[in-house]
Amino acid sequence: MAADYPDIDIAPFIDHSLLMPTASPEQVEQWCEEADRFHFAAVCLHPSYVRQAAELLHGKNPKICTVIGFPIGATTSTVKLYEAQEAVENGATELDVVINLGWLKAGKTEEVHREIATICEETGQTVKVILETNLLTDNEKKLAAELSMEAGAAFLKTSTGWNGGATVADVQLLKQLAKERVGIKASGGIRTVKQALDLILAGATRLGTSRGIDLIRQRDNLGKGE
């Protein structure tokens, strides 16, 4: 590994993500095979592909992650809950839920808390709340993080990737707010192994990226001093 970075195995941090609108069943099969082969933490897919992924990864280590209310977060709480429950019935064990940013900015904190808490309670699965940090002020990030943790979230996630990506500064802020109570998932725009390592060193415990294979190859090249 290059001198500036410790020898970190990044594979266990990666949620191998396939969230493009044109994702196909063939790509789902490829992503699941890669997640298993490279020992990634999870494969993250649209809800419509959860059942296929659960069948492909049955008895294997990668977790099945899906997105709820993605990418806007403005569907009703009833719809989000149904989407989450159906995903769990189909085999999802991790749910990346987009927060309702309009409610948050309007000061509807009880509604934001109730929506997340209900999903956490009714599904009983790992919930990662997507805060979309690039659209929030620092005070709003703090409020969103506290509401999410109080509601039972297991992770604070930076971004969907549709409105900018993860930054070291945001990961550091979320780590400070979390105080080791929950995990931190950095997501969006992670294209190089140096970015990935900087985010891990800043406090990220998961990385959401569609470029997991590239990152592994880059890491191997860093190990060779290239």
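Where is K179 found? In this predicted model, K179 is found in the loop between helix 7 and strand 7. The elements on either side of that loop are a convenient way into the fold, and the loop is taken up again at the end.

The overall frame comes first. A barrel is closed by 8 strands, in the order 1-2-3-4-5-6-7-8, and their pairing is parallel. From one strand to the next, the twist averages 25 degrees.

Strand 7 covers residues 183-187 and is mostly covered, with 5 of its 5 residues buried. In general, side chains of a regular strand alternate between the two faces of the sheet. In strand 7, G183, K185 and S187 point one way, while I184 and A186 point the other way. Residues of both sets are buried.

What does strand 7 pair with? On one side there is strand 6 (residues 155-157), which pairs with strand 7 in the parallel sense over 3 bridges. Within this pairing, K157 stands opposite K185 of strand 7. To get from strand 6 to strand 7, the chain passes through helix 7 (residues 168-178), and this β-α-β crossover is right-handed. Strand 7 also pairs with strand 8 (residues 206-209), again in the parallel sense and over 3 bridges. Here K185 stands opposite R206 in strand 8. K185 thus has K157 of strand 6 opposite it and R206 of strand 8 opposite it as well. The connection onward uses helix 8 (residues 193-202), which together with strand 7 and strand 8 makes a right-handed β-α-β unit.

Helix 7 can now be placed against its surroundings. Helix 7 lies across strand 6 and strand 7, and runs at about 165 degrees to strand 7. Helix 7 also packs with helix 6 (residues 138-151). A pair of packed helices is described by the angle between their axes and the distance between those axes. For helix 6 and helix 7 the angle is about 45 degrees and the axes are 10 Å apart. The two helices are therefore oblique to each other, and the crossing of helix 6 and helix 7 is right-handed. On the helix 6 side, the contact is made by D138, K141, K142, A145, E146 and M149. Helix 7 contributes D170, L173, L174, L177 and A178 to this contact.

Some backbone details remain. Most residues other than glycine have a negative phi, and most peptide bonds are trans. K179 is not a glycine, yet has a positive phi of about 50 degrees. Is K179 buried or exposed? Its relative accessibility is 59%, so K179 counts as exposed. E180 is found in the loop between helix 7 and strand 7 too. The phi of E180 is near 70 degrees, a positive value in a residue other than glycine. E180 has a relative accessibility of 68% and therefore counts as exposed. The loop thus holds K179, which is exposed, and E180, which is exposed, whereas the residues of strand 7 are buried.

A further backbone detail concerns a peptide bond. The bond from F70 to P71 is cis, with omega near 0 degrees. P71 has its place in the loop between strand 3 (63-68) and helix 3 (77-89).

Note on methods. Residues numbered from 1 in each chain as written. Predicted model: local features only at pLDDT ≥ 70, side-chain atom pairs only at ≥ 80, totals over all residues. Heavy atoms only, no water. Buried < 20%, exposed > 50% of the residue type's maximum accessible area, 1.4 Å probe, protein only. Helix = DSSP H or I, 4+ residues; strand = E, 2+ residues; numbered from the N terminus. Pairing = 2+ DSSP bridges. Right-handed = clockwise from strand over helix to strand, strands pointing away. Axes fitted to C-alpha atoms, helices over the stretch in contact; angles between N-to-C directions. Parallel < 35°, antiparallel > 145°, perpendicular 65-115°, else oblique. Left-handed = near helix turned anticlockwise from the far one by under 90°. Contact = heavy atoms within 4.5 Å.
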